[in-house]
Amino acid sequence: MLWLSDRVRTSTRLAVLVVVLLVPGLGTTYAYTTSVGSQLDFAAGERTGTEVVLPALTAMTELAAGRSPDLSALPGSLPTSGGPAAADAVATLITDVGNSSGLILDPDLDTYYVMDALVVELPKALGAAAGVAATDTTAPVADRVAAQAVRAGRLDDAAAALRTGSKTAVANTADGALAGDLQPLGAAADALTALSATLTKGLATPGPVDVSATAAAIRQAIGPATGALQRLLGERYDRLSRDRTINLTVTSVTAVLAIWFAASVWWRTRHDVQLAVGAVTATAQGDLSAREVPAGRDELGDIGRALERSRQRLVEQEEQLGRAQRIREEQLHASFEQQREGQRQLRERAQSVVDESVGAISAELEDVVGQVGEVRQAAGTIEERVTEADRATASVMARAAEAERVVAALGERLRQVDATSQLIAGIAAQTRLLALNATIEAARAGEAGRGFTVVANEVKDLAGSTAESTERIAATISELERTAAQMNGTIRAMVTGVGGIGECTGVLHTVAQDQHAIVERLTGRVGETMERIRGMSALAEKLERRHAERIAASGPVRFGVDGGSEFVTGELMDLSTGGLRACTEGDVPVRSGDTVVVELNLGGPVTRTHAQVMHVVRQGPQTEVGMQLLTPSPDVVERIRRFVDASG
């Protein structure tokens with residue numbers, strides 16, 4: 001078990017322990033529930049049995065009294081003829097019901113003796129009484145004497161059993177009403193005793209005896225006794241059900257509380273263990289920041305307080321080491337102040353030379369930029385003018401096209417007018433012909449048609465005038481058609497000329513755009529050149545003292561501000577005994593002039609030394625960092641030299 005428990009976590013151990021402890025309790029609860037359930041089923045079966053015993057005993061009293069009751073309501077196949085045979089069959093039925101329902105096996109003294117009176121003694125006594133009432137007088141005297149003596153003995157036994165059972169049942173119950181319910185059984189026992197005495201006295205002359213009084217006494221006792229038995233069985237059933245409910249309720253509440261407590265213990269233990277493990281792991285990884293630790297009054301709380309004290313001591317030691325490191329760094333800074341001053345002067349001289357050169361070149365390029373700007377402005381002006389001319393040409397072409405369409409429409413209208421004038425000429429000719437006919441008819445009419453002749457002449461004159469007007473209109477329309485045709489030709493020639501102008505302006509617009517693009521490229525090239533020249537002004541920031549030639553190298557490198565906790569991992573670019581260059585992704589938390597701790601993997605143990613950042617240059621997604629080593633130890637110098645020699 002120790003071997004197994006060492007291989008699981010504490011929370012798992014507690015969970016397994018809880019399950020192991022719950023299993024017996026659940027098993028015991030199940031066994032108790034099953035046992036009580038069996039007892040409840042037993043009591044319910046007994047109560048069902050009493051529901052058959054009551055009508056069966058009632059039927060037996062009727063049979064003993066010599067009557068023939070209806071036995072069809074009772075279960076089973078019973079004789080319908082009555083008499084001792086039917087009484088014996090009903091008695092057998094009562095015995096079977098007592099066996100099948102469990103009444104015969106009743107465990108309590110109070111209910112057992114009441115059951116014995118109803119299931120055993122009363123059926124036996126009623127069977128004997130039924131036999132007495134139906135004695136066969138044709139049988140031999142000796143046989144009748146023996147049978148009557150046996151019946152008398154059975155009756156005495158039943159009477160004695162009823163009295164003893166009633167006393168025992170009353171003595172072993174707390175039910176105060178039981179004595180009153182069983183009192184009719186005493187009267188029934190007395191009736192049985194009296195019947196037995198009658199039989200004993202009549203042994204000399206055995207024969208049928210009237211048992212109606214005995215049957216009536218037993219009938220009076222059956223109801224109260226059966227009611228008492230059902231009440232006692234119901235009280236037992238209620239008591240068992242109540243006890244089961246109470247026990248299950250208490251068990252369930254206790255189980256819930258136990259599970260709740262176990263869950264609380266499990267959660268608290270798991271939480272405290274996680275806090276303790278987290279604190280220990282953080283301390284092991286060098287994280288000495290304040291963390292939550294177990295604060296209870298148990299062993300885990302003691303561990304948490306011990307961890308907190310250890311963390312505080314480590315923080316104090318870290319602060320002491322930091323102060324010592326800062327003192328050492330101050331000494332290093334002081335020892336290399338002259339070297340840094342020389343570097344600064346060198347950078348200043350280089351920067352001065354570069355600035356002078358950059359200033360001169362920049363001034364010349366500024367002039368070039370100004371001239372390029374003038375050229376750009378001129379090109380822009382040309383492009384604007386050409387664009388305006390292009391728009392004007394397009395407008396003229398559009399209007400010329402509209403004029404051409406209008407002239408074409410005018411020609412069409414003139415042709416329509418000419419057609420109308422031809423129609424009018426035709427009408428005038430018809431009118432002259434009509435006037436001539438009217439004149440002829442007026443002449444034929446003589447004096448009666450003279451007035452109509454005047455009208456005909458007027459119509460003829462009017463037709464002539466109309467014909468002349470129509471001819472003049474036709475001539476005018478012909479002249480207008482010729483004029484419109486000339487105008488249409490002129491407009492087409494103008495459109496052709498304007499189209500040529502549009503093509504010329506398009507060519508000029510393309511040339512202007514090409515010129516503008518060339519100027520833009522020239523401006524971009526000049527800007528790039530000026531940017532590169534300006535970049536020369538930062539050249540001095542990249543200068544650093546190099547005591548030996550650097551070689552290209554590769555491998556992982558880690559560096560971070562001295563005394564800080566944030567380190568950057570990068571890739572080595574070149575290396576010498578005097579300095580190195582490295583590149584890394586993204587921004588770095590260092591800047592020029594910072595003193596950093598550098599960790600190099602040169603084969604074997606990690607080489608750790610101090611360096612000063614000389615330049616930090618961002619190149620796209622990567623950042624290049626140049627560093628100069630600060631008085632590396634002879635061992636570090638030897639390792640770097642061996643690495644450089646091996647790489648070379």
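## Strands, a pocket and two annotated helices

Four bridges hold β3 and strand β4 (residues 579-585) together, and the two run antiparallel. Keep in mind that this is a predicted model. The link from β3 to β4 is a hairpin through three residues, and if you look for a matched pair across these strands, L575 has L580 in β4 as its bridge partner.

On the other side of the story sits β2. Strand β2 (residues 556-561) pairs with strand β3 (residues 568-575), again in the antiparallel sense, over four bridges. Here R558 stands opposite T569 in β3. The hairpin of β2 and β3 has six residues between the strands, and G563 in that hairpin takes a positive phi near 90°.

G563 turns up again in the largest pocket: along with G322, Q325, D562 and G564, it lies nearest the centre, out of 21 lining residues. The volume of this pocket is about 630 Å³. What does the lining consist of, by residue class? It splits into five nonpolar, 10 polar and six charged residues. Helix α8 gives the largest share, eight residues, while α8 (299-335), β5 (595-600) and β6 (607-619) each bring at least two.

Now for the annotated spans. The unreviewed UniProt entry marks residues 12-32 and 246-267 as "transmembrane region". Here is how those two stretches look in the model:

| Span | Distance between end C-alpha atoms | Helix | Strand |
|---|---|---|---|
| residues 12-32 | 30 Å | 100% | 0% |
| residues 246-267 | 31 Å | 100% | 0% |

Note on methods: Residues are numbered from 1 along each chain as its sequence is written. This is a predicted model: local features need pLDDT of at least 70, side-chain atom pairs count only at pLDDT 80 or more; totals for chains, interfaces and linings use all residues. Side-chain values use heavy atoms; hydrogens and water are left out. On a 1 Å grid over the protein atoms alone, a cavity is a set of points where a 1.4 Å probe fits but cannot get out, and a pocket is an open set with protein on both sides within 12 Å along at least five of seven lines; lining residues have an atom within 4 Å of a point. Grid points are joined across faces, edges and corners, and a volume is the space filled by probe spheres set on the points. Ala, Val, Leu, Ile, Met, Phe, Trp, Tyr, Cys and Pro count as nonpolar, Asp, Glu, Lys and Arg as charged, and the others, Gly among them, as polar. UniProt positions are given in the numbering used here, feature names are shortened, and annotations may be inferred rather than shown by experiment. Two strands pair if DSSP finds at least two bridges between them.
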